[in-house]
Amino acid sequence: MYRRQLNYCATHPDAKIRYRASDMILHIHSDASYLTEAEARSRAGGHHFLSDKPNNQPPLPNGPILNLAKILRNVMSSAAEAEVGALFLNVQEAKILRLILHEMGHPQPPTPVHCDNSTAVGISNSTVKRQRSRAMEMRYFWVVDQVDNKQVRVLWYPGIENLGDYVTKHHGPKHHQHVR
């Protein structure tokens with residue numbers, strides 16, 4: 001990971017992160033890659049940023065306030081479980097960021113969390129039967145409680161629009177140059 005960062009800095013010494021004025025509403029793009037790490041582990045990623053008020057359209061991307069990149073500790077039994085695990089980690093971080101924004105005088109509506117796995121979205125929104133997902137880590141169902149308490153809204157968006165996808169997948173040099 002550090003080698004990639006050093007490569008980026010050497011290739012683009014004048015790179016900039018652009019922040020736009022916004023209404024200070026937290027948005028999250030969550031993603032996971034299933035069985036891409038050693039010892040059958042999965043990778044979780046997230047892109048947390050501030051943007052305009054949530055609506056049905058994807059928000060205008062803004063500079064990140066947090067990029068999450070972690071390897072999930074447990075071995076996941078499906079891609080959906082890996083996605084729910086990534087949602088769990090991203091919503092945990094969102095709780096802290098929501099509190100900080102509230103204390104700064106920016107009350108938060110339910111935070112929109114964009115995910116590209118329809119099963120994980122269904123589990124989070126309780127539209128998929130839990131009986132089929134009994135083998136999943138019980139702590140991941142904390143996300144369902146956060147949705148029920150109106151702290152977050154888990155929404156499905158296509159993977160091509162998911163900014164959390166970048167840190168979870170292995171990409172070739174052409175893709176890195178395009179993103180840069």
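**Notes on a predicted model**

1. Let's start with Val143: beyond its neighbours within four places in sequence, Val143 is in contact (heavy atoms within 4.5 Å) with Leu87, Phe88, Val91, Ser124 and Val154. This is a predicted model, where local features need pLDDT of at least 70, side-chain atom pairs count only at pLDDT 80 or more, and totals for chains, interfaces and linings use all residues. Residues are numbered from 1 along each chain as its sequence is written, and side-chain values use heavy atoms, with hydrogens and water left out.

2. Val143 also turns up in the largest nonpolar core (buried Ala, Val, Leu, Ile, Met, Phe, Trp, Tyr and Cys residues joined through side-chain atoms within 4.5 Å). That core has 28 residues, and those touching the most other members are Leu26, Leu87, Leu89, Val113, Val143, Val152 and Val154. Helix α2 gives the largest share, ten residues.

3. Next, Asn90, which sits in helix α2 (helices are DSSP runs of H or I, at least four residues; strands are runs of E, at least two; both are numbered from the N terminus). Asn90 counts as buried because its relative accessibility is 0% (buried is under 20% relative accessible area, exposed over 50%, partly exposed in between; 1.4 Å probe, protein chains only).

4. Leaving aside neighbours within four places in sequence, Asn90 is in contact with Ile28, Ser30, Gly45, Gly46, His48 and Leu68.

5. Finally, His106 is in the loop between α2 (79-103) and β4 (111-115). With 26% relative accessibility, His106 counts as partly exposed. Its contacts, leaving aside neighbours within four places in sequence, are Met24 and Leu101.
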